[in-house]
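I opened this entry to note what I looked up, item by item. The structure comes before the notes.

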Number of protein chains: 2
Amino acid sequence: MQTENTAAQHRPGKLWGVGIGPGDPELLTLKAVQVLWQSDVVILPDANGPEKTAMNIVHNYLKGKTLLFAKTPMVRDPAVLEKAHEKAAEEICTLLDQGKQVAFVTLGDPAIYSTYMYLHQRVLSRGYNVEVVPGVPSFCAAAARLNRSLCQGREPLLIIPASYDPSALLDVPANKVFMKAGRSILELQKVLADKGQLDGASLVENCGMANERVYPRFADLTEPSGYFSLVIVKAETP
Amino acid sequence: MQTENTAAQHRPGKLWGVGIGPGDPELLTLKAVQVLWQSDVVILPDANGPEKTAMNIVHNYLKGKTLLFAKTPMVRDPAVLEKAHEKAAEEICTLLDQGKQVAFVTLGDPAIYSTYMYLHQRVLSRGYNVEVVPGVPSFCAAAARLNRSLCQGREPLLIIPASYDPSALLDVPANKVFMKAGRSILELQKVLADKGQLDGASLVENCGMANERVYPRFADLTEPSGYFSLVIVKAETP
């Protein structure tokens with residue numbers, strides 16, 4: 001399809017899935033900045049908070065770009081999601097057919113719980129030129145803020161998404177990260193306490209953003225926290 | 001101790017643990033570059049390979065810096081390691097007492113299996129000014145290269161270091177990353193095959209470096225691979 005570009009277009013279209021890190025604009029990679037600079041169209045996530053956070057990270061690089069916002073329905077119905085992803089992939093392919101360089105930005109790293117990868121697979125399977133630019137995941141930034149490692153020596157590390165039953169994997173012999181635990185943070189606190197794992201747990205909310213809160217001792221939290229809350233659980237106490 | 005700086009020194013000493021990403025110099029963050037630029041002393045890892053890789057990533061930012069190489073003994077004896085870490089921390093503190101800005105660079109992200117965090121904890125506990133700059137972990141870059149996600153939706157992700165028995169955690173219901181699996185790569189291949197998990201496994205060797213090799217199907221590998229080999233295992237096939 002790339003060969004169908006008109007003569008006026010000198011570059012074939014390409015889709016870049018750009019990880020922009022967890023919140024601090026200084027955690028953008030050189031490659032992310034370069035891709036943003038040379039892109040024609042920048043697509044930002046559009047759902048309850050991420051949009052504003054993403055905009056805050058990349059706003060210095062948007063001058064003269066066409067901005068689009070990805071509409072991701074906040075539902076779990078696979079058929080509805082499938083249809084939404086198909087439609088978004090279709091729209092991206094139309095831009096690529098026009099020879100556009102398209103940067104789809106995603107918080108943290110694209111390989112870790114991003115909506116982007118659903119679109120990436122679809123656009124790739126249609127034969128288009130695509131590339132993922134990896135980014136700094138939120139759990140690395142949270143560990144840095146806590147002056148803690150996530151894993152050392154022989155320790156495995158288990159990343160657990162918010163939608164997973166927090167009690168189901170507590171017996172796995174690994175350090176643990178609970179992602180986006182905001183909705184059920186006090187429940188998680190209780191489950192960890194019941195297992196004797198609360199003393200080694202730390203919490204970072206909105207890491208690297210203006211409203212960041214750090215609890216080296218997760219046990220000290222007494223009220224619910226926001227969507228971007230991340231809990232690190234280790235055998236050792238902080 | 002920072003107040004003991006001589007009058008000639010205008011800034012108090014600070015130690016930065018800088019994640020420099022997995023190999024591609026373009027995956028340095030803006031913050032890592034800034035910290036390297038403003039540092040007086042840059043400490044590089046010095047052990048079987050990482051030194052050269054780290055140097056390749058940061059060499060553009062070393063002009064006029066004092067370069068040091070961290071001697072990490074490749075042993076498992078805790079007493080020997082403890083002594084080596086204590087000595088390295090001592091040397092860093094001497095530099096900080098002189099008001100130096102010290103950047104200790106580490107491949108990937110400092111929170112994930114880095115020697116640096118042992119020193120960080122020691123220097124921090126002595127009351128010095130320290131900060132970790134998170135970086136892009138190797139598994140994010142490997143996933144990007146493979147056009148695969150590491151985890152989506154409700155999938156947990158388990159990171160397993162090379163020193164861990166690869167068969168011990170295969171029954172955990174999670175996607176898996178085997179780090180630095182080079183030494184026992186064919187053994188890992190066999191263990192995965194025995195569990196029926198080889199079809200969903202991919203391998204990336206030396207991700208982002210000149211000698212990179214990518215096996216979307218890990219099953220296609222027929223000979224041992226190098227130290228920086230990373231295997232991603234998922235239920236779905238690539």
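**Cysteines**

I looked for disulfides over all chains and found zero. The model is a predicted one, and I kept that in mind throughout.

I then asked why B:Cys207 has no bonded partner. The closest cysteine sulfur to that of B:Cys207 belongs to B:Cys140 and is 10 Å away, which is too far for a bond. A disulfide would need the two sulfur atoms within 2.5 Å. I also checked whether B:Cys207 is buried or exposed. B:Cys207 has 10% relative accessibility, so I entered it as buried. For A:Cys93 I noted 3% relative accessibility, and this cysteine therefore counts as buried too.

**Aromatic pairs**

I counted pairs of aromatic rings next, and the total over all chains is four. I wrote up two of them, beginning with A:Phe104 and A:Tyr116: the ring centres are 5.2 Å apart and the planes stand at 45°, so I classed this pair as tilted. A tilted pair falls between the limits of 30 degrees for stacked and 60 for edge-to-face. I located A:Phe104 in strand β4 (residues 101-106) of chain A and A:Tyr116 in helix α4 (residues 116-125) of chain A. The two are twelve residues apart, and their pair links distant parts of the chain. A:Phe104 is buried at a relative accessible area of 5%, and A:Tyr116 is buried at 0%.

The other pair I wrote up is B:Trp37 with B:Tyr61, whose ring centres lie 5.8 Å apart with planes at 85°, so I put it down as edge-to-face. I found B:Trp37 in helix α1 (residues 30-37) of chain B, while B:Tyr61 is in the loop between α2 (50-58) and β3 (66-71) of chain B. The pair therefore ties together parts that are 24 residues apart in sequence. With 12% relative accessibility, B:Tyr61 counts as buried.

**Charges over rings**

I checked lysines against tryptophan rings in each chain. In chain A, A:Lys14 lies over the face of A:Trp16, 3.8 Å from the ring centre. In chain B, the charged end of B:Lys14 sits over the ring of B:Trp16 at 3.9 Å from its centre.

**Relation of the copies**

I superposed chain B on chain A last. A rotation of 180° with 0.0 Å of shift along its axis does this, at an RMSD of 0.0 Å. The two copies are thus related as by a two-fold rotation axis. I also compared the interface residues: 100% of those of chain B are interface residues in chain A as well, so the copies meet through the same surface.

Conventions: Residues are numbered from 1 along each chain as its sequence is written. Chains are lettered from A and ligands numbered from 1 in the order in which they are written. This is a predicted model: local features need pLDDT of at least 70, side-chain atom pairs count only at pLDDT 80 or more; totals for chains, interfaces and linings use all residues. Side-chain values use heavy atoms; hydrogens and water are left out. Copies are superposed by least squares on the C-alpha atoms of residues with pLDDT of at least 70 in both. Contact means heavy atoms within 4.5 Å. Buried means under 20% relative accessible area, exposed over 50%, partly exposed in between (1.4 Å probe, protein chains only). Rings of Phe, Tyr and Trp (its six-membered ring) pair if their centres lie within 6.5 Å; planes under 30 degrees apart count as stacked, over 60 as edge-to-face and the rest as tilted. Helices (H or I, at least four residues) and strands (E, at least two) are DSSP runs, numbered from the N terminus. A charge sits over a ring if NZ of Lys or CZ of Arg is within 6 Å of the ring centre and within 35 degrees of the ring normal.
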